[in-house]
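Me: Could you take me through one part of this model up close, the place where the helices pack against each other? I'd like to know who touches whom, and what sits behind it.

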Amino acid sequence: MEVDYVKRENVADLSQEEKGIYLNEGIALFPEVFKGDYSKFTPWLVYSCFVWCGNVRDIFSAGGNVFDEELQIYISAIMNRALQNVESIKQRIINMSDEEQMRFWGMSTNDVEKRIDVWLNLVEGNLRVSAELVKNNKGLMVYESYDDERISKSIKSNFMSRLNCKMKRSNSHR
């Protein structure tokens with residue numbers, strides 16, 4: 001009896017380009033990764049993509065917080081990755097089928113602009129700012145008189161404004 005085995009990969013053995021594809025897919029399909037929830041992404045990666053990863057969190061958050069020159073604040077690694085890969089993420093969102101939208105987001109729209117707005121709203125609703133990120137930003141002059149909650153709100157607002165602008169700036173879907 002012959003057994004047909006599906007090739008399975010370990011994420012550590014993938015090329016940087018392949019890792020980037022899974023990162024962008026994860027950000028586009030699973031906005032809950034912005035709050036550190038990988039409970040839907042992990043089984044999708046294993047059972048749909050046949051890729052094993054022993055530490056899924058690192059795909060999104062390795063590297064900790066980084067200083068964003070344009071925003072002039074510290075942002076989390078996942079925020080940085082989303083901004084750096086916005087065109088690929090946007091293309092993935094544009095190319096989502098109705099079935100994928102229903103499966104991953106619980107709704108569906110054929111209007112591309114609305115689809116992008118839905119994703120942005122999902123990201124905003126899932127976006128979390130860690131105590132470490134607040135602490136890193138506390139040392140910046142812009143936040144010297146802010147309390148922790150105000151710093152957190154400002155980081156979210158600045159990030160979402162920039163992400164929104166970048167997602168809507170390009171007309172690559174037309």
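**The helix packing, close up**

Reply: H4 and H9 lie roughly parallel to each other, a label used for angles under 35 degrees (over 145 is roughly antiparallel, 65 to 115 roughly perpendicular, and the rest oblique). Here, the axes of H4 (residues 77–84) and H9 (residues 148–169) cross at roughly 15° and come within 10 Å. Those axes are lines fitted to C-alpha atoms, for helices over the stretch in contact, with angles running from 0 to 180 degrees between N-to-C directions. As for handedness, H4 goes past H9 in a left-handed crossing; that's when the near helix is turned anticlockwise from the far one by less than a right angle, while clockwise makes it right-handed.

Now the side chains. From H4 you get Met79, Ala82 and Leu83, and from H9 Ile155, Phe159, Arg162, Leu163 and Lys166; contact means heavy atoms within 4.5 Å. Sorted by class, that's 6 nonpolar, no polar and 2 charged residues. Ala, Val, Leu, Ile, Met, Phe, Trp, Tyr, Cys and Pro go down as nonpolar, Asp, Glu, Lys and Arg as charged, and everything else, Gly among them, as polar.

Before going on, some ground rules: this is a predicted model, where local features need pLDDT of at least 70 and side-chain atom pairs count only at pLDDT 80 or more, though totals for chains, interfaces and linings use all residues. Numbering starts from 1 along each chain as its sequence is written, and side-chain values use heavy atoms, with hydrogens and water left out.

H9 has another partner in H5 (residues 86–94), which packs at an angle of about 65° with the axes 10 Å apart. The crossing of H5 and H9 is right-handed. Val86, Glu87, Lys90 and Ile93 of H5 meet Leu163, Lys166, Met167 and Lys168 of H9. The tally for H5 with H9 is 4 nonpolar, no polar and 4 charged.

So what sits behind all this? In soluble globular proteins, nonpolar side chains tend to be buried together. The largest nonpolar core here has 49 residues, and Ile27, Phe34, Phe60, Trp119, Phe159 and Leu163 touch the most other members. A core like this is a set of buried Ala, Val, Leu, Ile, Met, Phe, Trp, Tyr and Cys residues joined through side-chain atoms within 4.5 Å. H9 is its biggest contributor, with 6 residues.

Follow Ile27 and you come back to H4's neighbourhood: leaving out residues up to four places away in sequence, Ile27 touches Val33, Phe34, Phe60, Ile78, Ala82, Ile89 and Trp119. Val33 sits in the loop between H1 (16–29) and H2 (41–48). With a relative accessible area of 2%, Val33 is buried (buried is under 20%, exposed over 50%, partly exposed in between, using a 1.4 Å probe and protein chains only). Setting aside neighbours within four places, Val33 contacts Gly26, Ile27, Tyr38, Phe41, Phe60 and Ile78. For contrast, look at Glu17 in H1, which counts as exposed at 64% relative accessibility.

Stepping back, the protein has 9 helices and 4 strands, taken from DSSP runs numbered from the N terminus (helices are H or I, at least four residues; strands are E, at least two). Buried residues account for 41% of the 174 residues.
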